[in-house]
Amino acid sequence: YNAGDTSGSLKFTPISDQSGSAIITVTLTDDGNTADDGVDTIIKTFSITVATVNDAPVAISQTISTPRDTNKVITLAATDIDNQITSLTYNITSLPINGNLYQTSDGVILGSKISTIPTSVTNTSGIVIYEPVWNISGDATGNFSFKAYDGELLSGEAAAVVVNTTIATYPIISFGASPTTFGENQSSVVT
């Protein structure tokens with residue numbers, strides 16, 4: 001109720017993302033005219049029920065790094081105010097230009113290549129494996145996007161996974177003198 005509002009209207013605004021029932025009691029008192037022996041009061045009680053609605057999950061963007069020429073296990077993530085995170089599934093909505101995405105059942109072994117979109121991720125924990133293009137490195141070399149699904153609604157915005165591929169540093173072996181010649185079935189120590 002707003003002061004000065006003579007329409008007799010009440011407005012009930014529930015708290016965002018809340019549901020349940022509320023009991024409202026309204027007491028009306030007149031100005032005390034002489035009818036019915038002076039001041040009259042009426043009390044009315046009613047309830048309002050706010051029904052639950054399903055809110056779409058929110059997919060979470062992330063930036064990951066992997067050494068050049070090295071596969072990367074990626075766990076997709078989202079939040080959902082209505083459902084447990086473990087009940088969400090994921091749909092790939094764009095594929096990396098450089099590299100490939102693979103399904104995986106265990107987070108280790110490459111499954112089938114994801115080659116069309118949208119594609120549902122088959123791993124129940126939202127895990128995919130990114131395979132970079134050989135000898136490619138740099139920022140944003142394997143970007144892709146996905147949406148989360150709660151069984152009824154897809155997340156609104158597709159979340160981006162930015163994949164940065166770093167240059168792998170390999171050990172270097174150097175010899176102080178000319179290499180030694182070894183005979184078959186012989187060994188020698190190189191320092």
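This report covers two buried residues, Thr-141 and Ser-145, and the second largest pocket of a predicted model.

## Basis

The model is predicted: local features need pLDDT of at least 70, side-chain atom pairs count only at pLDDT 80 or more, and totals for chains, interfaces and linings use all residues. Residues are numbered from 1 along each chain as its sequence is written, and side-chain values use heavy atoms, without hydrogens and water.

## Thr-141

Thr-141 sits in the loop between β11 (127–131) and β12 (144–149). Strands are DSSP runs (E, at least two residues), numbered from the N terminus. Thr-141 counts as buried because its relative accessibility is 8%; the cut-off is under 20% relative accessible area (1.4 Å probe, protein chains only).

The Thr-141 side chain makes a polar contact with the side chain of Thr-165 (2.5 Å). Such a contact is a pair of N or O atoms within 3.5 Å; within protein, one must be able to donate a hydrogen and the other to accept it, and residues adjacent in sequence count only if both atoms are side-chain atoms. Beyond four places in sequence, residues touching Thr-141 include Asn-98, Tyr-130 and Val-163. Contact means heavy atoms within 4.5 Å.

## Ser-145

Ser-145 belongs to strand β12. Its relative accessible area is 12%, so Ser-145 is buried. Its side chain makes polar contacts with the side chains of Thr-93 (2.9 Å) and Ser-94 (2.6 Å). Ile-92 is 53 residues away in sequence, yet 6.0 Å away C-alpha to C-alpha.

## Second largest pocket

The second largest pocket has a volume of about 150 Å³. On a 1 Å grid over the protein atoms alone, a pocket is an open set of points where a 1.4 Å probe fits, with protein on both sides within 12 Å along at least five of seven lines; lining residues have an atom within 4 Å of a point. Points are joined across faces, edges and corners, and the volume is the space filled by probe spheres set on them. Its lining includes Pro-14, Asp-17, Val-50 and Asp-82.

Definitions and conventions
Helix = DSSP H or I, 4+ residues; strand = E, 2+ residues; numbered from the N terminus. Buried < 20%, exposed > 50% of the residue type's maximum accessible area, 1.4 Å probe, protein only.
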